[in-house]
Every structure is written in structure tokens, then in C-alpha cells.
Amino acid sequence: MLRNFIISAIRNIIRARVQSIIQVLSLSLGITVVILVGMYAYTELNYDKFNEKYDRIYRLEYGDNVSLPSAIGHRIKQNIPEVENVVRLFIDRTKEPLLYFRYYPSNDSANARTVSTGNYIRCDSTIFDIFSFNFIQGDPHNALKEPYSCVITKSQARRMFGNTDPVGLTLERINSLMKGWYTVTGIIDDIEHSHIDIDFLISLTTYDSSGYGVNKVPRGHPEYLNSIVWGRGMKTYMTLNEAADPVFVENRINEHFSYIFKDLSRNEDSKYFSMRPMKDIYFSDGLAGEAGYSKHGDLGQLRIMITIALFILILAIINYINLTTARASLRAKEIRVRKVTGSSIFLLISQFLVESVIVALISLLIALTMVQLLIPAFNQLASLEMNPELLLNGKTLIAYSLSIILLGIISGMYPALYLTGMNSVASLSEKRASEPGIIVFRRALLTFQFTLSIILIIGVFVISRQIQFMKTADLGFNKDKVITISHGSRFGSDHIKQQTFKQELLKSPDILGVAYSETELGNQAYERMVNIEFNGIIKNCNLINIDPDFMDVLGISFLEGHTFSYGLPRINSWDSLAAGQTFPIIINSSLARAFELDSPVGSLGKHINWERNLQVIGIIDDIHFFSLHQPIAPTAYWYIPPHFHKASVKISSNNISSTLRYIRNVFGDIYPDFVIEYSFLDETFNRQYLEDEITGKIIIVFAVIALLIGGLGLFGLSFFMAARKTKEIGIRKSLGATDLMVFILLSKEFIKWVTLSVIIACPLGWIIMNKWLQDFAYRTNMSAWIFILAIIFAYAISFITVAWHAWKTARTNPIEALRYE
């Protein structure tokens, strides 16, 4: 029986070549999109799942801050028995993007080579009890217990040591901070699909043993790594016992630390400790303290992609249904003969479902081939690293089999029920295929197709306009021809070299200015938030360290007051500021409004965290330090020379390549142990909108596919409509109708349904894209031309698709048309 069904189905597919090609091509495109998006979703949703205790791992947060004092983790482990283990991570890659080490093969200084690492963390030795990092060599229980010990990944070991066994070997760290000799105590497998990029782990005890840290106390001291001082915060992860209730543990933590809440949240009493499950960390974004250590997926983008992919598949299914029902009259004899010879409704339905499953199977095979070819391009388009091996494995093969059967049933059930519902008399004519109900249903599906396509076109225009708006918006400073240079350690560690570097650069006539800062504008990987008090008001403000030339180099104008003076006493650290000493700051307009400062210059305030007095010496207008996604925060600027990690160099537009070469040479002469890293400031700002650009590109591709599928369906329907009206057209032409009149007759049927799609799509598109724009603090408006262009696109596509059939039919000889059966 099944064999006969398959043979009959293949014959029908071959007989109806035009219909079959359109159906297979439509479903192939739909399945291709769904598979690609499915692989992307699988990759994103499996981040961090390599951890065996994935369901029991939590990150502790305080309000919207993930950086906690070092004491928090200690005390939780000691006082809350439901907590199985705790690890603290100290990550500060924004200030030291690279750690530099010197390796001496066989203790031969002549062959010493300098190597670097960027994905480093300092952590407790308990990290291996919480995260499931696979050890290749070394003892996970002891690997990071001693100061100056480190564990590295397999690929990092190969890059640093080549084929030499690195365990037990030492590396000399040459950064200005925490210099010393580090011993490799273990090798682990490369860590993939983790929200933390790691290839170099350093024992946390190194941090305090070096004397560079918050506590600065010796090992064994009660406050060793056990301070409640906020500043150089640590990320605290914990695992709970299998029977522990997370809500209960969270309440216990808040109760235990309630005695210090008043001190920790002087500006916001509503803050409290919360435990974020590991499964939520990758998709949580915008939290303070995550800068420079945690990468995130875009759950909104993922949902958009999944939704659009499903809609595209629905469009393909609609094509199948529309084309199958449109050809109903052509299969009337087949159905009548089967019924007359005793075939049951069940067998007839089974026949049509087998046919639809075969069409779906052919489409799947084509789609799998297309996916294999498109994975590299899709990875590049969406900045992903999807593994092609996900395409074909045991689980996916089962999923494909079940999905194809389901897709075949969904696609073929309505046509099967409709076709087998024909009675023997109705099946002898075309009346059944022309009944008002089925015609309205087909037109409704066609309207849905074009409605979705128009919404996608509107989305393409709005997203492109918003991205262009963000890239060209007035940021309040001049980012053109500004190069940001990063130091592997920091410029301020050697004041003489710091000044020499600036002076040597300024000797070039093509270098117009040089300024130092702790971070660079547009780098959202760095944000220092502190509590500041003015007028009895305490608020969380952004704090940026700059030198006196910074405002001038970036073209930032003062509304009132002036910049810092080089004549100020040199300050080596916050500790050198005596309590009660007043420290000058520059503020932006947002800070003045937040603290209700009517005459800002001269106002006195206080840095709450460090208990230092502040005095405003200047005020600037608000500048967009970060992307236009977020509003401008109250911001203060100060001047502490030792803490400069970036140099902003303003260059002329002449001889850019030779100017860059000059900068590299000067850097190499003054800092021979470090490799220069630099970027253009405008490129740094543009990178902030990378995810938005990716979303835009993906929607453009999906919009094109949706329009192609809709166009294929319209092409098929116009083909069958033209065939059914051939005799009518012959009669009309014999009675004097012109080719243009016939063309209009055939075209208006589709144009009116496209018009209905426009009427539905425009308000829906406005609502959807207006909601998307709400994610931006500063956004463009949706001009009328966006909707006009979308409408023109829709009409142009429908007109071009239908025109060929309409014109060909209109040009048919009336005599041939009257003979048409």
C-alpha cells in the first residue's frame, strides 16, 4: 500500500512540475532558515552547560552590581551551610588588557621571548570545584593555592611553550603591577561556550601577596582577602547543596549581611543581595561590574530570529496549501476514479499526506545542502561560531525525521481534507475550486504573506535609519582622526616615561595633540561608578580619570570654569590624599542637574566610598561617553597621573600611514617590553552598535527570503489563474477587449489583496518598530517615506511577479484560447 502511495505521489509531483518546483523551492528556503536559526539557538542556549553542577551554580549580586567586596564570599561559606562552595574571581582586563610574560627556555636569557595573554582571571583554588574545567595535567585541588601559581589552557600552553611540557616551568611577569615569577601548576582543556573567556588562571593569593590590592595585609591576617571595602570588587560564584532552596539561601544571605546594608547602600536603601542562576547569566546584560570579563548573548535578537524563521516557514507552508488547492480541479478525475473504485476517505487522505511528506523530504535534502554551504557566511553575518557538526548527528537526524513528518502533515492536511471532500459530481467541474469559501481562504493566506513581508521591509528601513542616526549623531566631542593607544600595563607607572612619550609624539607635525586617560570614550567595557554627595544628595555617578589636555584634544568645550592644572601636586594614589584634603573635579550637565547645583563651579562635595572632599572647578555639556542605547549618566572627571591606561592621539588627515609608523616607533623605543595596541576612536564607537548592525543584516536577509517565497507563491497562483481564465479571455478578446484590458483584469485580482496587506502591515509595522526603538535612549523618528518605500516595494514585487503571466495570457490568440481545455 505504502509503495503504491509513493509511486503515485512521485508521478503527481513530476506531472505538476511548475507547482512542485515552487513548493519544493519555497519549503527548502523555509527549512534552511529554520535549521540555521535552530543551530544558532542551540549554540546560544547551551552556553555554560558544560558545567556538571550547572543547575546549582549561582552568581551573587548586590542590586545591579556583580562586583562584591572580598569578604562576602568568605563569610557566606563560613556561615551558611546550604552553600556547598564559593569562588571569587578578580578580573580587571579593562586596565590591563594584556599580561606580558617572559619565558626563558632552559634558563637561557639569550633566547628569552615575550608572550602575552588577554583572557586571564585571578581566582580562588575552589574554582575547579565549581566549574567543570577538564584537567590534562596537574592537581585541581592544589593548583592555585599558592601565590604566583597559574593554570593555563592547552592552546595557550602551546602558544607560550611550543611542544615543551610547561608544568613546573616559570614565567616572569613584566607588567608594572605584580611583577614576579609565576609557576605553571596545571594544564586544562580549552574552555568553549562559557560566558567567561579564560585561557590563563592566576591564584588569587598572588593579588594580596604582591602588596597590590584592597587589603594589603599579609597572609594569616584576619582581614586577608576578607575586606568589606568596595572598590576593587570580586565576582562571587557559589554552588548550593542539592537539597538547598535558592530563595531560602538568598534570604539567609541578606539577613547575615543586614548589619552592613546601611553602609553599602547609602544612596539606595532598596538594594539587596540576589543569586542569579548560571542559566541566566549569559543572557543578562547591563549590570555594573561585568565590564571586561563577561560576554553575553542577545536574547532579544535570538527571539526575533526564531520568530521570523517560523514565520518564513509558515509562508512556505502557505505556498504549498495555496498551490495545491488552486490545482484542485485538475485532480478532480483522479479523486472521482478513486472514489468510484471504492477508495475510502482515509486512503485518499493518506495518499495526499504521503505526497506532501515526500515534497517535504525533498525540500529537506535540498535545505541540508544549502545549510552546509551557508554556515560560513551565516557565521560571518551574525558573528557566530556555529559548529557544522551540529548539522548531522544522532539527535538531529531524529529531529529531522520527526519534523519532516510533522511538516508534511501540517502542509498537506488541509489540502487533503479539502480535495477528498469533493463529491463525485462536484469533482467533474471547477465549481468546487471556485467556491467563495476556498477563494477567501486562499486570499487570506496570500494577504498574510504580503503583510509579513511588508513589516519586514519596514523593519529593514527603520533599523538601517537608527544605526545611521547613532553613527552620525553629535556626541559632544570630535572622534574623527583620534587614535586610542593602550598600554599593556599602564602609562602612569613611570611618570618620566609618560611625559617623554607625549613629548616625543608631539615632535611630529602630523600629531596635533596627546592626552592620557584611564579609559577611552566609547569603551563600554569600562565604567567606574562611585557614590558622590552634593547638597546632602547622594547618587551613583560615573568617574573618569583624565589629564589636563584631554578636553582640548577631544574638542570638548567648557560651559563654565576650566580644566585641571599640571601645577597640581603629583598624586601617587588615593592613599596619598590626606583625609579632609579637597580634590578638584570637572562635572557634566547631568551631574549638575542630578545634584541641583545652580552654580556648579566652586561647589563642594564628597567622594563617599573613599571619604575624600571634592570641589567643582569646571562644567562641560553632556557628551555621549557610551552608546546611544543608554542615557548620559552623571559624570565627574578628575586627574590622578599614575592611573592612566590609555593615550588619545589627535592626528592630521595627512600622511596617516607614516604617522602611525612614527607612533609605533616611539612607543617601541620608550616601552620596548610591550606591544603597542591602538584603535581609531570612531571605530570604537561604531563597534558599540555591532549587535544592532547584525540584527539589521539578518532581518534584511530574512526579508529578502520572505519576499522571494511570497513572490513564488504569487507566481504560482497567477499561473493557475491565467490557465483557468484562458477561455474567458478568448471570449473577451473576440468581443473586442484589448491586451491592456485583459492585463488589468488579471492583475487587479492580486493588487487589491496586496493593498489589503499594506493597510494591515503599516500600523503593525509602526507598533513593532516603535517598540524596538524604545531600547535606545536616543533614537530617530519613523518618517512617512519609510512606509511609502515599503508600499512601493510590495506593489513592485507583486506587479513584476504577476505581469509576465498576465501579459502572456493577454497576448494569446483568441482562437487558441477558445480551443483551450
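User: Does Asp622 count as buried or exposed, and at what relative accessibility?

Analyst: Happy to start there, and please keep in mind that this is a predicted model. Buried means under 20% relative accessible area. Asp622 falls below that cut-off, so Asp622 counts as buried, at 17% relative accessibility.

User: Which residue forms a salt bridge with Asp622?

Analyst: Let's look at where the partners sit. Asp622 is in the loop between strand E20 (612-620) and strand E21 (635-638), while its partner is in helix H17 (residues 589-594), 29 residues apart. The partner is exposed, with a relative accessible area of 54%. The closest N and O atoms of the pair are 2.9 Å apart, and the partner is Arg593.

User: Which parts of the chain does the salt bridge between Asp547 and Lys502 tie together?

Analyst: In this pair the closest N and O atoms are 2.8 Å apart, and both Asp547 and Lys502 are buried. The two parts are 45 residues apart in sequence, so the salt bridge ties together the loop between strand E16 (537-545) and helix H16 (550-553), where Asp547 lies, and, on the Lys502 side, helix H15.

User: How far apart are the closest N and O atoms of Lys154 and Asp189?

Analyst: Good one to compare with the pairs above. Lys154 is partly exposed, with a relative accessible area of 36%, and Asp189 is partly exposed too, at 24%. A salt bridge needs a nitrogen within 4 Å of a carboxyl oxygen. Lys154 and Asp189 do form a salt bridge, and their closest N and O atoms are apart by 3.6 Å.

User: How many salt bridges does the structure hold?

Analyst: Side chains of opposite charge can pair when their charged atoms come close. Such pairs can also join up, as Lys53, Arg56 and Glu84 are linked in a network of salt bridges. For the structure, the number of salt bridges is 14.

User: Which strands stand at the edges of the sheet that holds E14, E22, E13 and E23?

Analyst: Follow the order of this open sheet, which is E14-E22-E13-E23, with antiparallel pairing. An edge strand has a single partner strand, so one side of it is left without a neighbour in the sheet. That description fits strand E14 (511-517) and strand E23 (677-680).

User: What is the bridge partner of Val482 in E22?

Analyst: Strands of a sheet pair through backbone hydrogen bonds, either parallel or antiparallel. Here strand E13 (residues 482-486) and strand E22 (residues 646-651) pair in the antiparallel sense over five bridges. In E22, the partner of Val482 is Lys650.

User: Which helix packs on the sheet, touching E13, E14, E22 and E23?

Analyst: Let's sort out two helices. Helix H15 (residues 495-505) lies across E13, E14 and E22, running at about 160 degrees to E14. The helix you want touches E23 as well, and its direction makes about 25 degrees with that of E13: helix H18 (residues 656-670).

User: Which residues touch the most other members of the largest nonpolar core?

Analyst: This core has 134 residues, and its largest share, 15 residues, comes from helix H14 (residues 436-472). One residue to look at touches Phe491, Ile663 and Phe667, among others; that is Ile485. The residues that touch the most other members are Ile485 and Phe501.

User: How many disulfides does the structure hold?

Analyst: Let's check two cysteines on the way. Cys123 is buried, with a relative accessible area of 0%, and Cys762 is buried at 16%. A disulfide needs two cysteine sulfur atoms within 2.5 Å. The number of disulfides in the structure is zero.

Note on methods: Residues numbered from 1 in each chain as written. Predicted model: local features only at pLDDT ≥ 70, side-chain atom pairs only at ≥ 80, totals over all residues. Heavy atoms only, no water. Buried < 20%, exposed > 50% of the residue type's maximum accessible area, 1.4 Å probe, protein only. Pairing = 2+ DSSP bridges. Helix = DSSP H or I, 4+ residues; strand = E, 2+ residues; numbered from the N terminus. Contact = heavy atoms within 4.5 Å. Axes fitted to C-alpha atoms, helices over the stretch in contact; angles between N-to-C directions. Salt bridge = Lys/Arg side-chain N within 4 Å of Asp/Glu carboxyl O. Core = buried A, V, L, I, M, F, W, Y, C linked by side-chain atoms within 4.5 Å. Lists of a residue's contacts leave out its neighbours within four places in sequence.
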